[in-house]
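Visitor: Could you take me through one part of this structure in close detail? I would like to see how the helices pack against one another, residue by residue.

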Amino acid sequence: GPNVTVTRAQMVTFLWRAYGSPEITGANPFTDVSTSDYYYDAVLWAVTNGVTTGTSATTFSPDAPVTRAQAVTFQWRAAGSPVVSGSSFSDVAADAYYVNAVTWAVATGITNGTSGTTFSPDAAVSRAQAVTFLWRAAGSPEPKGTAAGMTDVVSGSYYAKAVAWAIENGITTGTAEGTFSP
């Protein structure tokens, strides 16, 4: 359905692919990330480039869900942690690790709040939201086609063009033949 939660592994993989799947070298400090995992290079890229860290010195927790705060923080760090000004939300503390990322994401149109006064930083991010954040960060380019091959992508939905763009650009292929699991 439209609210399938994105994992840490999926989010960093989407982001790594959106940045062109750069090659990475370095040692893997994580016991829960194997060279045979589809997200291996993405995790090393994210950690090497300061996009995220592990959940401990030796674990990445690839299957843990990603929150809205984490998703925009990953993107903000990948973009070089730009400094922007703007207003915040009642549920985003001034000293929260993600306050600058949220301000940047809203100022650049990547996302807005879940209401006029809230961001819901601890809410899980769905696959639809994750690719929409990335698509908007890329400037919302018009996809060449549609996501019509994905039976669970509603035509005209807020995420339909983002899914089509993500598939066209190799960011994701969905979760199964004909299924995106937005």
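Guide: Happily; what follows is a walk through the helix packing, with a short stop at a pocket on the way out.

Please keep in mind that this is a predicted model. Two packed helices are described by the angle between their axes and by the distance between those axes, so we will take each pair in that way.

Let us start with helix H1, residues 8-18, and helix H2, residues 40-48. Their axes lie 8 Å apart and the packing angle is about 80°. Angles of 65 to 115 degrees count as roughly perpendicular, which makes H1 roughly perpendicular to H2. On the H1 side, the contact uses Val12, Thr13, Leu15 and Trp16. These meet Asp41, Ala42, Val43, Trp45 and Ala46 of H2. Sorted by class, the contact of H1 with H2 has seven nonpolar residues, one polar and one charged.

H1 also packs on H3, this time at an angle of about 30° and with the axes 11 Å apart. Since angles under 35 degrees count as roughly parallel, H1 and H3 are therefore roughly parallel to each other. The crossing of H1 past H3 is right-handed. Here H1 contributes Arg8, Met11, Val12 and Leu15, while H3 brings Ala71, Phe74, Gln75 and Ala78. Six of the residues in this contact are nonpolar, one is polar and one is charged. Val12 and Leu15 of H1 thus appear in the contact with H2 and again in the contact with H3.

From H3, residues 68-78, we can step on to H5, residues 127-137. This pair packs at about 30°, with 11 Å between the axes, and H3 and H5 are therefore roughly parallel to each other. H3 passes H5 in a right-handed crossing. Arg68, Ala71, Val72 and Gln75 of H3 touch Gln129, Phe133, Leu134 and Ala137 of H5. The residues of this contact divide into five nonpolar, two polar and one charged. Ala71 and Gln75 of H3 take part here as well as in the contact with H1.

Finally, the pocket. The largest one has a volume of about 170 Å³. It is lined by 12 residues, and those closest to its centre are Thr146, Ala147, Ser155, Gly156 and Ala160. Its lining comprises seven nonpolar, four polar and one charged residues.

Definitions and conventions: Residues numbered from 1 in each chain as written. Predicted model: local features only at pLDDT ≥ 70, side-chain atom pairs only at ≥ 80, totals over all residues. Heavy atoms only, no water. Axes fitted to C-alpha atoms, helices over the stretch in contact; angles between N-to-C directions. Helix = DSSP H or I, 4+ residues; strand = E, 2+ residues; numbered from the N terminus. Parallel < 35°, antiparallel > 145°, perpendicular 65-115°, else oblique. Left-handed = near helix turned anticlockwise from the far one by under 90°. Contact = heavy atoms within 4.5 Å. Nonpolar A, V, L, I, M, F, W, Y, C, P; charged D, E, K, R; others polar. 1 Å grid on protein atoms, 1.4 Å probe; cavity = no way out; pocket = protein on both sides within 12 Å on 5 of 7 lines; lining within 4 Å. Points joined across faces, edges and corners; volume = space filled by probe spheres on them.
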